Amino acid sequence: MTLFDSSAFEGHEAVHSFFDEKSGLKTIIAVHSTARGPAAGGCRMWPYASADLALEDALRLSRAMSYKNAMADIPLGGGKAVIIGDSRTQKTPALFEAFGRAVDALGGRYWTAEDVGVSPGDLAHTRRATRFVAGLDGHPAASGDPSPVTAEGVFRGVQLCVRRAMRRELDGVVVAIQGVGHVGALLAEKLAKAGARLYVTDVNAEALKAIAAKTGATVVSPADIFDVPADVFAPCALGGAINGETLQRLGARIIAGGANNQLASPEIGRTLFDRGLLYAPDYVINGGGIINVAGEIRALEAGTAFDPAWVATKLDRLMETLGEVLDRSIADRRPTHEVAGEMAKARIAKAAEGQLAA
Ligand code: NAD
C-alpha cells in the first residue's frame with residue numbers, strides 16, 4: 001500500500017513520521033484537517049505488526065477526529081498520533097519526551113492527548129518538549145477526566161432517541177449496556193436514576209458487581225448481552241460491537257452508546273436503517289469528551305482558567321445537532337451515519353472556504 005492509495009487517506013493535509021534513534025521512538029502523526037482549527041486527537045501506543053498497519057490506523061483515527069470535532073462544533077480540526085510499540089514493556093520517559101519534540105516540530109498544527117496505551121503520566125514527559133498537550137492535571141486550564149461529560153452526552157442522546165423512536169420518557173425503558181468502565185458506569189447510574197431498567201455486562205467482574213449494587217441492574221455474561229430483551233443497546237466497550245452476527249441477535253430498536261467505531265462496517269449502518277433501527281452515530285453522541293478537551297485547549301491558548309459553562313453550552317449544542325441528524329435521516333430516508341458524515345464534511349468544507357477567503 002502506498003500512502004495516497006490508502007482507503008483512509010481521504011484528503012489528509014499532512015502525514016508525518018518521526019524516528020528517534022536514541023529512545024527508539026517510531027511515531028506517525030496524521031493531520032486530516034486544520035480547516036476548523038489546529039488538528040486535535042489523542043496519541044495511541046500499540047504494537048502494530050507493520051508500519052502499514054500503523055499508518056492505516058493513524059489515518060482512520062485522524063479522519064474520524066475531524067468528523068467528531070466538526071459535529072461537536074469546536075474550533076479544532078482532526079489529527080491523531082500513533083506510537084509503534086508495546087505500552088506494557090516499551091514505555092520510557094525518553095520516548096515520550098522524543099514524541100513531544102515530534103509534536104512540537106509541527107508548530108501547533110497538532111495538539112495531542114491520551115488514547116489507548118498512553119496515560120497522563122506519559123504525557124507529562126511529552127509536555128517537557130512541547131506545550132501542545134491536553135489532558136494534564138495541575139494547572140488552572142486543566143479539564144480533568146472527560147468521561148463524566150461524555151456520559152452526560154450519551155445519557156441525553158439515549159433520552160433523545162427514546163423520545164423519537166418510542167415517543168416516551170426513560171422511565172420503564174429497558175437498556176442493555178455493554179461495558180461499565182468510565183463511561184458505561186456513569187451512564188448506568190444516570191439511566192437508573194431516570195427509571196430505566198438495566199442489563200449490564202463487562203469482562204471485569206468487579207466493575208460489574210459494583211454497578212449492579214448501585215443501580216439494581218441485571219448482570220449478564222459478555223456473550224449474552226446481545227440476546228437480552230432490551231429497547232436500547234448501548235455499546236460502551238470496544239469498537240465493532242455491531243456486526244452481521246450480533247445484529248441478528250439484537251432485539252433493541254435503538255442503538256446509542258459511548259463506544260467509538262460501533263459499526264463493524266458502513267454497510268451495517270445501512271442494514272440497521274433498512275430494518276427500522278435507530279442508530280445514534282457514535283462520533284456525535286460521544287462528543288462530550290472532546291468538547292471537554294477543547295475547553296482545556298481553549299483555556300491554555302488564552303491563558304485563562306477552564307470554563308465549565310463553555311463546555312455545557314457546547315454539549316447542549318451537540319444534542320441539538322444529534323436531533324438534526326435524526327430529523328434529516330427521517331426526512332431524507334437515509335441512514336443516520338450517512339447523514340452525519342455528510343454534515344461533518346460540509347462543516348469542514350465551509351471552514352476551509354472561509355480560510356481561503358480570509
Ligand atoms: P474503559 O476502559 O473505562 O471502559 C471500557 C469497559 O469495557 C471496561 O470496563 C472493559 O472491561 C469493558 N470491556 C472490554 N471488552 C469487553 C467485552 N468484550 N464485553 C464487555 N465489556 C468489555 O473505557 P471508557 O473510557 O469507559 O470508554 C468506553 C468506550 O467509549 C471506548 O470505546 C472509548 O473509546 C469510548 N469513548 C470514551 C470517551 C471518554 O470520555 N472516556 C469519550 C469518547 C469515546
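In the predicted model, Asn-261 has a relative accessibility of 36% and is therefore classed as partly exposed, since this value falls between the 20% and 50% limits. The residue is placed in the loop that joins strand S11 (254–255) to helix H8 (266–274). Its backbone is marked by a phi angle near 50°, which is a positive value in a residue other than glycine. A positive phi is also found at Glu-10, where the angle is near 25°, again in a residue that is not glycine. Glu-10 belongs to the segment that precedes strand S1 (14–20). With a relative accessibility of 34%, Glu-10 is likewise partly exposed, because this value is neither under 20% nor over 50%.

At the level of the whole chain, the domain assignment divides the protein into two parts. Domain 1 comprises residues 3–63 together with 77–126, while domain 2 comprises residues 147–286 together with 322–344. Each domain is thus written as a pair of sequence ranges. The C-alpha centres of domain 1 and domain 2 are separated by 29 Å.

The model also contains a ligand, and 19 residues lie around it. Those that come nearest are Thr-150, His-182, Val-183, Asp-202 and Ala-237. Polar contacts to oxygen atoms of the ligand involve both side-chain and backbone atoms of the protein. For Asp-202, an N or O atom of the side chain is found 2.6 Å from a ligand oxygen. For Ala-237, a polar backbone atom lies at 2.8 Å from an oxygen atom of the ligand. A polar backbone atom of Gly-258 is 3.1 Å from a ligand oxygen. Taken alone, the ligand has 820 Å² of accessible area, of which the protein covers 72%. Two helices each give two or more residues to the surrounding shell, namely H4 (147–166) and H5 (182–193). Sorted by class, the shell consists of eight nonpolar residues, nine polar residues and two charged residues.

Aromatic side chains were considered next. Four aromatic pairs are present in the structure. One of them is formed by Phe-226 and Phe-233, whose ring centres are 5.4 Å apart. The planes of these two rings meet at 40°, and the pair is therefore described as tilted, as the angle is neither under 30 degrees nor over 60. Both Phe-226 and Phe-233 are buried.

Helix H11 spans residues 308–332 and includes Ser-329. The relative accessibility of Ser-329 is 5%, so the residue counts as buried, the limit being 20%. Its side chain reaches the backbone oxygen of Arg-334 at a distance of 2.7 Å. Asp-332 is also placed in helix H11. In contrast to the buried Ser-329, Asp-332 is partly exposed, with a relative accessible area of 45%. Along the chain, Asp-332 is 75 residues from Gly-257, and the C-alpha atoms of the two are separated by 24 Å.

The loop that leads from helix H10 (288–302) to H11 contains Thr-304. Thr-304 has a relative accessible area of 43% and is partly exposed, because this value does not exceed the 50% above which a residue counts as exposed. Thr-304 and Asp-73 are 231 residues apart along the chain, and their C-alpha atoms are 21 Å apart.

Two further residues illustrate the relation between separation in sequence and separation in space. Ala-113 occupies the loop between strand S6 (110–111) and helix H3 (120–127). With a relative accessible area of 13%, Ala-113 is buried, because the value is under 20%. The distance from Ala-113 to Ala-134 is 5.1 Å, C-alpha to C-alpha, although 21 residues separate the two in sequence. Leu-208 is located in helix H6, which runs from 205 to 215. Its relative accessibility is 8%, and Leu-208 is therefore buried by the same 20% limit. Leu-208 and Val-220 are 12 residues apart in sequence, and the distance between their C-alpha atoms is 9.3 Å.

Conventions. Residues numbered from 1 in each chain as written. Predicted model: local features only at pLDDT ≥ 70, side-chain atom pairs only at ≥ 80, totals over all residues. Heavy atoms only, no water. Domains from an automatic or database assignment. Near = heavy atom within 4 Å. Polar contact = N/O pair within 3.5 Å; in protein donor to acceptor, adjacent residues only side chain to side chain. Areas by Shrake-Rupley, 256 points an atom, 1.4 Å probe, with all protein chains shown as cover. Helix = DSSP H or I, 4+ residues; strand = E, 2+ residues; numbered from the N terminus. Nonpolar A, V, L, I, M, F, W, Y, C, P; charged D, E, K, R; others polar. Phe/Tyr/Trp six-rings, centres within 6.5 Å; stacked < 30°, edge-to-face > 60°. Buried < 20%, exposed > 50% of the residue type's maximum accessible area, 1.4 Å probe, protein only.
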